Amino acid sequence: MEYCSKKHIINLFELINKEQINYMLLRNINNEIPNKLPFKKDIDLIIKEEDAIRFNDLLIKNFWVKKRHPLGHFPFLYGLIPFTFYYKEGIYIDICHQLACRSLNNGEWFPLDMKIQEDLWKNKRTVSNKPWKYRLSLEDEFISLITRCVFDKKKFTYGYIERIEQLIPRIDTKVVLTKFEVIFFKFSKKLMNKIQEKEYHTIITNYIKFKDY
């Protein structure tokens, strides 16, 4: 398998860090970044909305090319800012400004609850010894992985399960459940139980069939 250049990935984060862009790396499934990111696979970043224009200008100035987002043809609802996509030297960057998920009906995109969006930046986690400096808090990362598996991927893949299970003993379950309740409502406790019992294969089917709202 051909991998993206580690040097180019490190240069990207050095550029963003130097310009003090307010960002976080959303996920690093299977620890692919920076050494084993498959060629032309994207890096998922969340950029604070007020830095969006400055970030775009920074990338264009450094010869990144803005591309059409592969999922951008689905409707963006409730004020969700559309995603942006950039490309340079075999690397794609997938940019969002809010945590979002897709409708299970027609694939529309919508933002998660405003309280979740506000907490993202309050709880931003600083990382050492990595090219990137900032990650989601452990609880917010956990929530983002679960919502992505349920609403977007519609399945729990090995890499996601592995990271979810790394996070389970480290998260504050009460904090997660409080945020789950504005996403999954009365299914939240059942969802957490299934995750803790490793019943990933039944989560989506049970959620779709759940009627006790």
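In this predicted model, five elements each give at least two residues to the lining of the largest pocket: the strands β2 (42–47), β5 (91–96) and β6 (100–102), and the helices α4 (138–153) and α5 (158–167). Helix α4 provides the largest share of that lining, with 5 residues. The space inside the largest pocket comes to about 580 Å³. It is lined by 34 residues, and those closest to its centre are Arg 27, Asp 44, Arg 148, Asp 152 and Tyr 160. As for the chemistry of the walls, the lining of the largest pocket splits into 18 nonpolar, 9 charged and 7 polar residues.

Next comes the second largest pocket, which holds about 290 Å³ of space. Here 19 residues make up the lining, and Asn 28, Asn 31, Arg 135, Arg 163 and Gln 166 sit closest to the centre. Two elements, α4 and α5, give two or more residues to the lining of this second largest pocket. This time the largest share comes from α5, which puts in 4 residues. Sorted by type, the lining of the second largest pocket has 7 charged, 6 polar and 6 nonpolar residues.

Put side by side, the two pockets draw on some shared parts of the chain. Helices α4 and α5 each supply at least two residues to the lining of the largest pocket, and these helices also give two or more residues to the lining of the second largest one. The top contributor is α4 for the largest pocket and α5 for the second largest.

Methods: Residues numbered from 1 in each chain as written. Predicted model: local features only at pLDDT ≥ 70, side-chain atom pairs only at ≥ 80, totals over all residues. Heavy atoms only, no water. 1 Å grid on protein atoms, 1.4 Å probe; cavity = no way out; pocket = protein on both sides within 12 Å on 5 of 7 lines; lining within 4 Å. Points joined across faces, edges and corners; volume = space filled by probe spheres on them. Nonpolar A, V, L, I, M, F, W, Y, C, P; charged D, E, K, R; others polar.
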